[in-house]
Each structure stands twice: as C-alpha cells, then as structure tokens.
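Hello,

Here is the structure we talked about, ready for you to open alongside this note. Please have a look at it, and then read on for what turned up.

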Amino acid sequence: MRAEHADEVLDIYRVGIDEGDATFETEVPSWAEFDSTKLPGHRFVAVDGEGGAVLGWIAGSRVSPRRAYAGVVEHSVYVHPAARGRGVALALLKAFIESTEAAGVWTVQSGIFPENTASLALHRRAGFRVIGTRERVGRLHGRWRDVVLVERRSPVVD
C-alpha cells in the first residue's frame, strides 16, 4: 500500500463505514492520519490485474507500545463490494500473516461485529479463533455494539 493508492483505499474504507458493520469509526480519516497509524511493513492492497483498480486492502497497527506486546498486532481488512466473494480478503490476510510472521509477530488479532458473519467466516478459514465477545463495548450511532475478538497465534514464531 502506497500513497498512490490513498484515494481508492479511503473510498473502500468509506464504504465499510457507511455499511455500518465494519468499524466504530464514523468518518474517513485523512491519508496522513491513516498512514501514520498503520505499520509500514504490514499493509497491502489487492489490485485488479486488468485495470489496476484497488479491490481491497489490509493494514495493521500496534496493540500497545508496551514491550511485552511487541509481537501483537491488530488488523483491518476491507474489500470493495464489487470484489467480494472472489478470495480477495483471504489473499490479503495471507499476505499480512506472512509479513507479520517474518517480522516476529506472534499474535494477530481483530475485533469484529457479530453481524459481520462474512468477516468471521473469513478469519476462521485463515486460522483465527474466537477469544470471546466484548459485550456493549462501544456505541455506534447511539446503539451499543458487541465485538467478537479473534486472534491467530503464529505456529512459527515462538
């Protein structure tokens, strides 16, 4: 993922925000804000081979600045609605896992709204397990929302 992808990445993010089951965020950040919070070595785009359009993206961020959590990252993955069901998200997730394991990351986690069944199924296919449900963890548009915490512990990073 590079600055040249910014508009398409943020547009896909906007769709996820508008759909209401992907994030607690209600506004798309500027590229500078987005870029500054994502780990540089662990963000990818899937690009259409024909037209070069961004089909989806994945990016990670640190869970905590504490040294004990140096090998734990949280990620987000978003796919343009027209590209869903084509394996884009799984390919992005595999690339992300490969890059984080190469960097010594031992745990990748994410929080997913329980209504986002496609994301929960995707993460199961990629080897994530459900840790539990954080009930009423935050409000979105005046409504309390639960979040399912999923994680994947690397079998190669010890």
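Asp-21, Glu-115, Arg-143 and Arg-145 are joined in a network of salt bridges (a salt bridge being a side-chain nitrogen of Lys or Arg within 4 Å of a carboxyl oxygen of Asp or Glu). Before the details, please note that this is a predicted model, in which local features need pLDDT of at least 70 and side-chain atom pairs count only at pLDDT 80 or more, while totals for chains, interfaces and linings use all residues. Residues are numbered from 1 along each chain as its sequence is written, and side-chain values use heavy atoms, with hydrogens and water left out.

**The salt bridges**

Within that network, Arg-145 pairs with Asp-21, and their closest N and O atoms are 2.6 Å apart. Because Arg-145 lies in strand 6 and Asp-21 in the loop between helix 1 and helix 2, this pair ties together parts that are 124 residues apart in sequence. (Helices, H or I with at least four residues, and strands, E with at least two, are DSSP runs numbered from the N terminus.) Arg-145 also forms a salt bridge with Glu-115, with 3.1 Å between the closest N and O atoms. That pair links distant parts of the chain too, with Glu-115 in the loop between strand 4 and helix 4, and Arg-145 in strand 6, 30 residues apart.

Is Arg-145 buried or exposed? Arg-145 is buried, at a relative accessible area of 4% (buried means under 20% relative accessible area, exposed over 50%, and partly exposed in between, with a 1.4 Å probe and protein chains only). Its partners are partly exposed: Asp-21 has 30% relative accessibility and Glu-115 has a relative accessible area of 41%.

The structure holds nine salt bridges. Another of them brings together the side chains of Asp-35 and Arg-43, at 2.6 Å from N to O. Here Asp-35 counts as partly exposed at 29% relative accessibility, whereas Arg-43 counts as buried at 11%.

**The aromatic rings**

Arg-145 has a further contact to look at: its charged end sits over the ring of Phe-113, 4.0 Å from the centre (a charge sits over a ring if NZ of Lys or CZ of Arg is within 6 Å of the ring centre and within 35 degrees of the ring normal). In the same way, the charged end of Lys-38 sits over the ring of Phe-34, 5.2 Å from its centre.

A search of the whole structure finds seven aromatic pairs. (Rings of Phe, Tyr and Trp, the last by its six-membered ring, pair if their centres lie within 6.5 Å; planes under 30 degrees apart count as stacked, over 60 as edge-to-face and the rest as tilted.) The rings of Phe-24 and Phe-113 have centres 5.0 Å apart and planes at 80 degrees, so this pair is edge-to-face. It links distant parts of the chain: Phe-24 is in the loop between helix 1 (6-19) and helix 2 (31-37), and Phe-113 is in the loop between strand 4 and helix 4, 89 residues apart. Phe-24 is partly exposed, at 30%, while Phe-113 is buried, at 4%.

Phe-34 and Trp-57 are also edge-to-face, 5.2 Å centre to centre with 85 degrees between the planes. This pair joins helix 2, with Phe-34, to strand 2, with Trp-57, 23 residues apart. Both Phe-34 and Trp-57 are buried, and they belong to one aromatic cluster with Tyr-13, Trp-31 and Tyr-78.

**Helix 3 and the core**

The largest nonpolar core has 23 residues, of which Val-88, Leu-93 and Phe-128 touch the most other members (such a core is a set of buried Ala, Val, Leu, Ile, Met, Phe, Trp, Tyr and Cys residues joined through side-chain atoms within 4.5 Å). Helix 3 gives the most to this core, with six residues. Leaving aside residues up to four places away in sequence, Leu-93 touches Ile-58, His-75, Leu-122, His-123, Ala-126 and Phe-128 (contact means heavy atoms within 4.5 Å). Apart from this core lies another of 14 residues, including Ala-6, Phe-34, Val-45 and Ala-59.

Thr-100 lies in helix 3 and is buried, at 1%. With the same sequence neighbours left out, Thr-100 touches His-42, Val-73, Val-105 and Val-108. Just after helix 3, Gly-104 takes a positive phi of about 90 degrees.

Best wishes
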